[in-house]
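Trainee: I'd like to take a close look at one part of this protein with you. Could you walk me through its charged side chains?

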Amino acid sequence: QVQLVESGGGLVQAGGSLRLSCAASGRTFSSYLMAWFRQAPGKEREFVAEISQSGGKTDYADSVKGRFAVSRDNAKNTVYLQMNSLKPEDTAVYSCAARAGFDARWPYWGQGTQVAVSS
């Protein structure tokens with residue numbers, strides 16, 4: 001089992017940057033794939049980015065490619081989402097999630113952090 005706590009959200013102007021953090025509990029953080037999802041008001045939750053256990057492989061939604069970067073520090077049990085060139089359409093609650101390599105689902109979720117981008 002792993003518990004996740006996000007931080008770093010806030011209000012930023014379009015074109016600005018934010019870095020989100022997701023701190024995980026437990027001694028097996030390095031065995032979990034990690035991902036970021038977001039949910040805007042009135043919309044379904046969508047995938048943003050994913051990172052492998054070692055951090056050597058990443059994947060992004062087309063809408064954030066070239067602007068967002070996911071990374072992790074296994075020594076600190078933390079995964080990050082660096083968000084640059086933010087747009088108003090990036091406004092959402094951002095949540096991190098974890099799953100074991102063999103699991104097709106994302107069973108572990110944080111509570112989310114709000115990101116608001118003003119035009």
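Trainee: Which residue forms a salt bridge with Lys65, and how many Å apart are the closest N and O atoms?

Mentor: Happy to! Keep in mind that this is a predicted model. The partner of Lys65 is Asp62, and their closest N and O atoms lie 3.2 Å apart. Asp62 counts as exposed because its relative accessibility is 65%, above the 50% cut-off. Lys65, with a relative accessible area of 48%, is partly exposed.

This pair belongs to a wider set, as a search of the whole structure finds 6 salt bridges. Another of them joins Asp90 to Arg67, with 2.7 Å between the closest N and O atoms. Here the contact links distant parts of the chain, 23 residues apart: Asp90 sits in the loop between β8 (78-83) and β9, while Arg67 sits in the loop between β6 (58-60) and β7. Both Asp90 and Arg67 are buried. Through shared partners, salt bridges join Arg67 and Asp90 with Arg38 and Glu46 into one network.

Within that network, the side chains of Arg38 and Glu46 meet at 2.6 Å, N to O. Arg38 counts as buried because its relative accessibility is 6%, under the 20% cut-off. Glu46 is partly exposed, at 34% relative accessible area.

For one more acidic side chain, turn to Asp103, in the loop between β9 (92-100) and β10 (108-109). Its side chain reaches the backbone nitrogen of Arg105 at 2.9 Å, and Asp103 counts as buried at 14% relative accessibility.

Conventions
Residues are numbered from 1 along each chain as its sequence is written. This is a predicted model: local features need pLDDT of at least 70, side-chain atom pairs count only at pLDDT 80 or more; totals for chains, interfaces and linings use all residues. Side-chain values use heavy atoms; hydrogens and water are left out. Helices (H or I, at least four residues) and strands (E, at least two) are DSSP runs, numbered from the N terminus. Buried means under 20% relative accessible area, exposed over 50%, partly exposed in between (1.4 Å probe, protein chains only). A polar contact is a pair of N or O atoms within 3.5 Å; within protein, one must be able to donate a hydrogen and the other to accept it, and residues adjacent in sequence count only if both atoms are side-chain atoms. A salt bridge is a side-chain nitrogen of Lys or Arg within 4 Å of a carboxyl oxygen of Asp or Glu.
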